[in-house]
Amino acid sequence: MIYNMYSKRKGFEILCPLGSYPLFLRKNKDDKEDMIKFIAEEGTRHKTSSLYVHIPFCDSLCNFCCFYRGLLEETQANRYLDALKKEIVRYSDTEYIRSSSFASIYIGGGTPTSLRTEQLTDLLSLLKERFKIRSDAEITVETTTHNAEGGKLEALYENGVNRLSFGVQTFKDSIRNILTLTDTRSEVISVIRAAQEIGFENIDIDLMYNLPGQSMDDWKMDLRQAAELELESISPNPLFVARGTAFAKQIATGEIPPRSGDQTEIDMYLLAINELENAGYRQQNLVHFVLPEKEHLYARMRFGSQDCLALGTSGGGFLGAYLYGNVRGINRYIEKIESANAEFPVNICAKLTAEELMHKYMIWGLHSIEVSKNAFWELFGVELTDVFPEQIESLERRGLIESDGSKIALTTAGKVWCTNVAEEFCPEKYVTIFEKMFGD
Ligand code: SF4
């Protein structure tokens with residue numbers, strides 16, 4: 001039953017872009033101008049926000065990756081960082097950002113640690129100087145295990161970074177080779193141990209499943225190895241093979257073994273839930289499993305639809321009722337920032353109506369597995385069950401969600417089919433556009 005609850009399973013990988021509702025419906029220039037005016041003039045009444053900074057460089061490119069990133073080149077990186085600093089200053093001079101405080105910062109990419117130590121510490125210093133960052137803020141930096149050497153992690157730790165997220169993907173060397181990951185299992189483990197010795201008390205690793213040539217036993221060994229390292233957070237993600245990529249072609253020509261089908265992917269996700277819960281982790285959201293006393297605050301804030309100021313090329317943020325996406329392309333981003341009228345690098349922006357905010361709240365809320373009925377009422381002044389009666393009745397009847405007086409929550413089947421479930425809270429016309437952009 002759990003294998004065929006809809007005619008076609010939509011993958012985890014499109015759940016985040018689905019959360020950009022209703023951005024692709026409205027490329028409205030007025031909304032962008034409205035947003036700039038709004039943040040210049042309006043205060044937040046001391047709203048707590050999160051901050052995302054995108055570093056689009058890596059020092060080697062993994063064949064499977066479909067994030068927005070490019071190979072590090074020193075001159076371009078310097079120009080990009082100069083532009084980023086200008087963007088930071090530009091936002092921090094607005095009334096809206098001046099009156100916000102930041103409880104979580106996420107520096108992602110790409111690989112932020114492909115930058116030199118001084119570039120990273122410079123960036124952190126400027127963030128601290130220009131934004132009101134709470135003393136207990138969670139500050140995460142994404143990294144890999146092959147460029148965290150030479151005192152870089154120590155410098156991050158000394159500069160207030162308190163959470164690392166390592167892209168490990170798998171511990172199995174033969175599969176690491178297929179994925180063009182340049183270091184070995186034992187090197188990966190020793191870098192993680194070194195980070196623990198430095199003092200990091202919140203370390204996350206990304207693992208991937210349904211990889212080419214990966215058996216169920218391989219996956220179990222990866223999960224057990226991660227748990228053995230006593231990490232605070234483990235994030236299993238299914239492999240997504242993007243259309244038209246070199247990786248997709250290598251699979252098509254047989255150069256790389258194919259990944260297994262949906263049924264195996266579902267079984268591997270269920271195995272992850274089971275193994276990690278048995279190892280003492282709690283499932284914070286669809287992909288983050290954390291030790292009981294820990295959490296990934298940035299994820300909680302983002303999935304709770306709280307404000308997020310996103311900086312850097314391709315960053316996607318949410319301020320007030322404005323959802324926006326920055327220009328994609330390192331050079332295009334630099335040009336925007338350097339332009340004569342000192343623009344904000346926003347490419348696409350939508351001011352959400354009350355109805356759209358409710359849809360968005362549900363789509364993102366389902367990332368967090370459960371949605372609070374009280375929080376919905378406090379935000380919108382209406383009962384969640386009055387706004388979405390048909391969806392809730394139907395999903396509950398089919399065993400995809402369960403609800404009580406205080407919340408609705410995904411069941412195990414709901415977690416497996418989460419993107420399909422989230423789509424039910426998305427208006428049909430958006431799903432149609434979305435299908436064209438991201439469907440098979
Ligand atoms: S290091 Fe991370 S961001 Fe860079 S190419 Fe590999 S998977 Fe992508």
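Around the ligand in this predicted model stand Cys58, Leu61, Cys62, Phe64, Cys65, Arg69, Gly110, Thr111 and Thr144. Sorted by class, this shell holds five nonpolar residues, three polar residues and one charged residue. Arg is counted as charged, and Arg69 is among the residues around the ligand. Cys, Leu and Phe count as nonpolar, while Gly belongs with the polar residues.

From the ligand we turn to the chain that surrounds it. The secondary structure of the chain consists of 20 helices and 17 strands. An assignment divides the chain into domain 1, residues 24–302, and domain 2, residues 353–440. Where these two domains touch, 13 residues of domain 1 and 20 residues of domain 2 take part in the contact. Between the C-alpha centres of domain 1 and domain 2 the distance is 26 Å.

The overall dimensions come next. Measured out along the principal axes, the C-alpha trace extends about 55 × 55 × 45 Å. A compact globule of 440 residues would have a radius of gyration near 22 Å, and the chain has 21 Å, so the two agree.

How much of the chain is buried? Of its 440 residues, 56% are buried, that is, under 20% relative accessible area. The accessible surface of the chain is about 18500 Å², and carbon and sulfur atoms contribute 49% of that area.

A last point concerns contacts along the sequence. Among the contacts in the chain with a separation of 6 or more, 74% are between residues 24 or more positions apart.

Note on methods: Residues are numbered from 1 along each chain as its sequence is written. This is a predicted model: local features need pLDDT of at least 70, side-chain atom pairs count only at pLDDT 80 or more; totals for chains, interfaces and linings use all residues. Side-chain values use heavy atoms; hydrogens and water are left out. A residue is near a molecule or strand if one of its heavy atoms lies within 4 Å of it. Helices (H or I, at least four residues) and strands (E, at least two) are DSSP runs, numbered from the N terminus. The radius of gyration is taken over C-alpha atoms; the globule rule is 2.2 Å times the number of residues to the power 0.38. Buried means under 20% relative accessible area, exposed over 50%, partly exposed in between (1.4 Å probe, protein chains only). Contact means heavy atoms within 4.5 Å. Accessible areas come from the Shrake-Rupley method with a 1.4 Å probe; for residues, only the protein chains shown count as cover. Domain bounds come from an automatic or database domain assignment.
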